[in-house]
Amino acid sequence: MYTRQDKIAERIAHVVLALASALALLPFLLLVMASFTDNSVAVVEGYRFFPKKYSLEAYAYILQEWTTIGRAYGVTIFVTVAGTAVSLCISSMLAYVLSRRDLPGGRILNFLVVFTMLFNGGIVSSYFLYTNVFHIKNTIFALLVPGLLMGAFNLVLMRNYFTTNIPEALTEAARIDGASEWTAFARVVMPLSMPILATIGLMTAIGYWNDWTNGLYYLDDRNGSHLYSIQNVLNRMNENISFLANNSSQMGGVMQTGNLPTTTMRMAIAVVGILPILAAYPFFQKYFVKGIIIGSVKG
């Protein structure tokens, strides 16, 4: 029975959740307002939710420098889409194999996967492997490959989902009907795994979109600057605001650097960089919580 105490508890929960939501949204709102603030005002008074003077100067410079920023945006979109798709294929196939109880040596393989969550070779060995063995430095694979091989957590979530939510009777029935292992996986298992696929896909896409360390490690200014993602461009601007101006002369852009809105331009590029993720998240939200909860259940 729905008592008065239940109503009070529900209202308190609503208030707490509303405050938590506001605390999560306010930084984004401040970021957007800062990008529309006049640079001289931002330098003197800092960032405010209601600045004294608004300006589109930062976005005007972004449009002027679209040769550099647009290329970085395109690289980021390509890496995010391609990396997420390939990562989902690799993770789902390996997780399905690890979820099979009749897999020879399954315990050892599962242990090795979990072991990589606790220990890894470190940055030095990874850098040596990718640059001297795979030779991915200053190539588009430098932004793709490292992220494909570091998904043990995603594997565990997906494996647990397959173990607890895909009855073995379904795959056995498919094999009895003449389906191969690949057919059973593609036509039976995958259509029933949309919640976990959407969850892992969203987390992987966010990881690729926000990644800047791979560009920092494996791309240099002379040979790999044309492959910089939007996050690398933003990081370079934070280190040295003259980065865009220097690249502008190299790539044929036109920029007047005398009154460059250095403070607000960082905010504007951050807004441009984060909008696609904010736009995509609502479409995956209904799968996200379900996938996390079910996938985290121990199989």
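# Note on a predicted, helical model

1. Leu 109 has a relative accessible area of 35%, so this residue counts as partly exposed; the classes used throughout are buried for under 20% relative accessible area, exposed for over 50%, and partly exposed in between, with a 1.4 Å probe and protein chains only. Leu 109 belongs to helix H5, where helices (H or I, at least four residues) and strands (E, at least two) are DSSP runs numbered from the N terminus. The structure is a predicted model, in which local features need pLDDT of at least 70 and side-chain atom pairs count only at pLDDT 80 or more, while totals for chains, interfaces and linings use all residues. Residues are numbered from 1 along each chain as its sequence is written, and side-chain values use heavy atoms, with hydrogens and water left out.

2. As to the overall picture, the protein holds 15 helices and zero strands, and 42% of its 299 residues are buried. Contact here means heavy atoms within 4.5 Å; of the contacts in the protein with a separation of 6 or more, 74% join residues that are 24 or more positions apart. The accessible surface comes to about 17100 Å², and 67% of that surface belongs to carbon and sulfur atoms; such areas are obtained by the Shrake-Rupley method with a 1.4 Å probe, and for residues only the protein chains shown count as cover.

3. Leu 109 is also one of the residues of a nonpolar surface patch of about 990 Å², whose members include Ile 108, Phe 111, Leu 112, Phe 119 and Phe 153. Patches are built from residues with over 30% relative accessible area and no salt bridge, joining like charges within 9 Å and nonpolar side chains (Val, Leu, Ile, Met, Phe, Trp, Tyr) within 5 Å; a salt bridge is a side-chain nitrogen of Lys or Arg within 4 Å of a carboxyl oxygen of Asp or Glu. Helix H5, residues 106-118, provides the largest share of this patch, namely eight residues.

4. Helix H7, which covers residues 141-148, is mostly covered, since six of its eight residues are buried. The buried residues of H7 are Ala 142, Leu 143, Leu 144, Val 145, Pro 146 and Leu 148, and they pack against H4, helix H6 (122-133), helix H11 (194-210) and helix H12 (213-218).

5. The loop between H6 and H7 deserves a separate look. His 135 is found in this loop and, although it is not a glycine, has a positive phi of about 55°; with a relative accessible area of 55%, His 135 is exposed. Asn 138 is found in the loop between H6 and H7 as well, and its phi, near 60°, is again a positive value in a residue other than glycine.

6. Turning to the aromatic residues, rings of Phe, Tyr and Trp (its six-membered ring) pair if their centres lie within 6.5 Å, and planes under 30 degrees apart count as stacked, over 60 as edge-to-face and the rest as tilted. By this rule there are eleven aromatic pairs. Tyr 130 and Phe 134 form one that is tilted, with 6.1 Å from centre to centre and 40° between the planes. Tyr 130 is buried because its relative accessibility is 5%, whereas Phe 134, with a relative accessible area of 47%, is partly exposed. The pair of Trp 182 and Phe 185 is likewise tilted, because the ring centres are 5.8 Å apart and the planes stand at 40°.

7. Trp 182 and Phe 185 both lie in helix H10, three residues apart, which is about one turn of the helix. Trp 182 is exposed, its relative accessible area being 54%, while Phe 185 counts as buried at 6% relative accessibility. Through ring pairs, these two residues are linked with Tyr 96, Tyr 161 and Phe 162 into a cluster.

8. Helix H10, residues 181-189, also contains Arg 187, which counts as exposed because its relative accessibility is 68%. The C-alpha atoms of Arg 187 and Thr 171 are separated by 9.7 Å, and the two residues are 16 residues apart along the chain.

9. Where does Ser 99 lie? Its place is in helix H4, residues 66-99, and at 10% relative accessibility Ser 99 counts as buried. Leaving aside residues up to four places away in sequence, Ser 99 touches Arg 159, Phe 162 and Thr 163. The side chain of Ser 99 also reaches the backbone oxygen of Tyr 96 at 2.6 Å.

Notes: A polar contact is a pair of N or O atoms within 3.5 Å; within protein, one must be able to donate a hydrogen and the other to accept it, and residues adjacent in sequence count only if both atoms are side-chain atoms.
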